[in-house]
Amino acid sequence: MENPVAIDLVNFLNASPTAFHAVDEAKKRLKAAGYQHLSEREDWKLEAGGKYFFTRNYSTIVAFAIGRKYAAGNGFYIIGAHTDSPCLKLKPVTKMTKGGYLEVGVQTYGGGLWHTWFDRDLTIAGRVIIRELKDGHESFRQKLIRIEEPIMRIPSLAIHLDREVNEGFKINKQTHLAPVLATSVKAQLSKPPADDGIVPSDPKNHHSLLVNLIAVEAGCLPDDLCDFELQACDTQKSIIAGALREFIFSGRLDNLCMSFCSLKALIDSTSSDIGFQEETGVRMVSLFDHEEVGSDSAQGAGSPVILDTLSRITGSFSSDSQLLQKGIQRSFLVSADMAHALHPNYMEKHEENHQPKLHGGLVIKSNANQRYATNAVTSFLFREIAVKNKLPVQDFVVRNDMACGSTIGPILASGVGIRTVDVGAPQLSMHSIREMCAVDDVQHSYEHMKAFFVEFSHLDSKLAVDV
C-alpha cells in the first residue's frame, strides 16, 4: 500500500507547476480546512481559536491559527519554506526566429542545472492578465494557466557536430537555451483566416502561434491578453517510483516538498480542538517566493511580510506596542528547505561525519559562518521533538573547502530577531528539472513538523537561556 502522505505530496506537486499554482493549491486546501481568507488591504478582525491566511502577489502565502489561550505577547511558532524553483521564465519579448525556426526567448531564474532542460518535453504555465468588458465597464483580472500538452523543446546538438561534448558540456545561457516552438514554414501555413475570431497578424513581441495558444488556454481573445508571467515547465508528471517504490521522482521538490509538509502539518494540527484548545501561541506557515534569487522582493523573505503579520496579529489583541517585541523573543522559526543527501557516485562531496542519507529523516543544517541560522539552542529544541516522537534526525555541515548555500533562515533570523533552526528533507539532483527524494522522508518530515506545532510551546517553557 502506498504511503498516503507521499501520494498527497505527488498530487500537490502535479497541481503546482509554478509558484502561482502552488499558492493556489495551498489556498484551496486551507479553505477546505476552514481557514478564513484575509486581505492585507483591509482591517483584520481576529479572534483566539481563529484560522486565517492571506496571499501576497499570489506567489507567497501565509497561514496561521491562533491558539484558544493566546494573549498578545505570546509566541509565534512558524515554519517557513518557499514556493519558487529554478526554471526558465519567458522574457517580456519572446519572439525569436533563427534558421527557419520559431523560438521562445527565456531567461534563467535561479541556479538551475540547465543541462537537464535539454531534450525535455516542455510546455508553459503561469499567470496572465486579462481584459474583461461587462455592461460597458472595463476591468482586469489575473488567471492561472497551464498548457497540458508539450509545445516546445530545447534540442541538444548532435555529438557528430561537437566531438568534445563529453569532455565538458558548456552552455551559453543566452544562445543555447531557447526552446523551439515550431518551424517557420509550418507556422506560416497554419495561420488561421481572419474571420474565425483569431488575429492572424503577428504581434510585435511574441509569435502569434504562442499568443493564440495562451489565449485559448486563458479562454479569451488574443487582444484581451494584457500581460503575462509565464515559465517553461516539464510535462512529465511527478510519481512514486523505484524498484521498491521508495522514491519520488519530480521537479520542484526543492522546495515544494517542504512547503507541502509544513502546510499539511499546520492543517492537521489545527483540524480539531483536541490539543489546540490549550495552545497559548500562534501556529504559522509562511511560504515565500523568490528564495532562489535572494528573497529581496515585496513577497520574498527579505520583505516585511513576516514582521507585518506578527505585528497585525499582536495589535488585534492589544494596543501595547511593546508586546510585539516580547512575542518575537518567545517565538521560533523552522526554516525548512531541502537538504543534500549523500550521492553514491560523488561521496567525496560530503564531509565524512555529516552525510545525510535518504530515509534518514529531516536534516539539521549548521554553519559556523551563519549561512544557516541553527545554533545549539534551536538545534536542541528541534531535535528533542524528534526524540520524544521517535523520529530520525540527521546533521549536515558543508566541507571546509566548499562554499555553503543559504536559506531564508538567516534572512528572517537577522531581520526579525527570531530564534531559528535550518532543516530540510534529504534529496538528490537538487535544482535539476527532475529531482528525487525518499517516500519515508516525506512521512518523517510531516510528522516532525506536526509534532513541532503541537508540542513546542510546552517544550520551550522548560528551557532557560537568557536568564
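User: Why are helix 1 and helix 5 called oblique to each other?

Analyst: This is a predicted model, and in it the axes of helix 1 (residues 4–14) and helix 5 (residues 253–269) cross at roughly 120°. Angles of 65 to 115 degrees count as roughly perpendicular and those over 145 as roughly antiparallel. Roughly 120° fits neither range, so the pair is oblique. The crossing of helix 1 and helix 5 is right-handed.

User: What makes the contact of helix 1 with helix 5?

Analyst: Helix 1 brings Val 5, Asp 8, Leu 9, Phe 12 and Leu 13. From helix 5 come Leu 253, Leu 256, Cys 257, Phe 260, Leu 263 and Lys 264. Sorted by kind, these residues give 9 nonpolar, no polar and 2 charged.

User: And helix 8 and helix 10: why are they called roughly perpendicular?

Analyst: Helix 8 (residues 376–388) packs on helix 10 (residues 439–460) at an angle of about 110°. The range for roughly perpendicular is 65 to 115 degrees, and about 110° falls inside it, so the label holds. Their axes are 9 Å apart, and this crossing is right-handed.

User: Which residues of helix 8 and helix 10 make the contact?

Analyst: On the helix 8 side you'll find Leu 381, Phe 382, Glu 384, Ile 385, Ala 386 and Lys 388. Helix 10 adds His 448, Ala 451, Phe 452, Glu 455, Phe 456, Leu 459 and Asp 460. The split here is 8 nonpolar, 1 polar and 4 charged.

User: How do you know that strand 4 is largely enclosed by the rest of the structure?

Analyst: Count its buried residues: 7 of the 7 in strand 4 (residues 76–82) qualify. Buried takes a relative accessible area under 20%, so with every residue passing, the strand counts as largely enclosed. Phe 76, Ile 78, Gly 80 and His 82 point one way, while Tyr 77, Ile 79 and Ala 81 point the other.

User: Which strands pair with strand 4 in the parallel sense?

Analyst: Strand 13 (residues 282–288) does, over 7 bridges, with Ala 81 standing opposite Leu 287. Strand 14 (residues 332–336) also does, over 4 bridges, and there Tyr 77 stands opposite Phe 332.

User: Last one: is Lys 170 buried or exposed, and how do you know?

Analyst: Its relative accessible area is 73%. Exposed starts over 50%, so Lys 170 is exposed. You'll find Lys 170 in the loop between strand 8 (137–146) and strand 9 (180–183). Measuring C-alpha to C-alpha, Lys 170 and Thr 123 are 24 Å apart in space, and they are 47 residues apart in sequence.

Methods:
Residues numbered from 1 in each chain as written. Predicted model: local features only at pLDDT ≥ 70, side-chain atom pairs only at ≥ 80, totals over all residues. Heavy atoms only, no water. Buried < 20%, exposed > 50% of the residue type's maximum accessible area, 1.4 Å probe, protein only. Helix = DSSP H or I, 4+ residues; strand = E, 2+ residues; numbered from the N terminus. Pairing = 2+ DSSP bridges. Axes fitted to C-alpha atoms, helices over the stretch in contact; angles between N-to-C directions. Parallel < 35°, antiparallel > 145°, perpendicular 65-115°, else oblique. Left-handed = near helix turned anticlockwise from the far one by under 90°. Contact = heavy atoms within 4.5 Å. Nonpolar A, V, L, I, M, F, W, Y, C, P; charged D, E, K, R; others polar.
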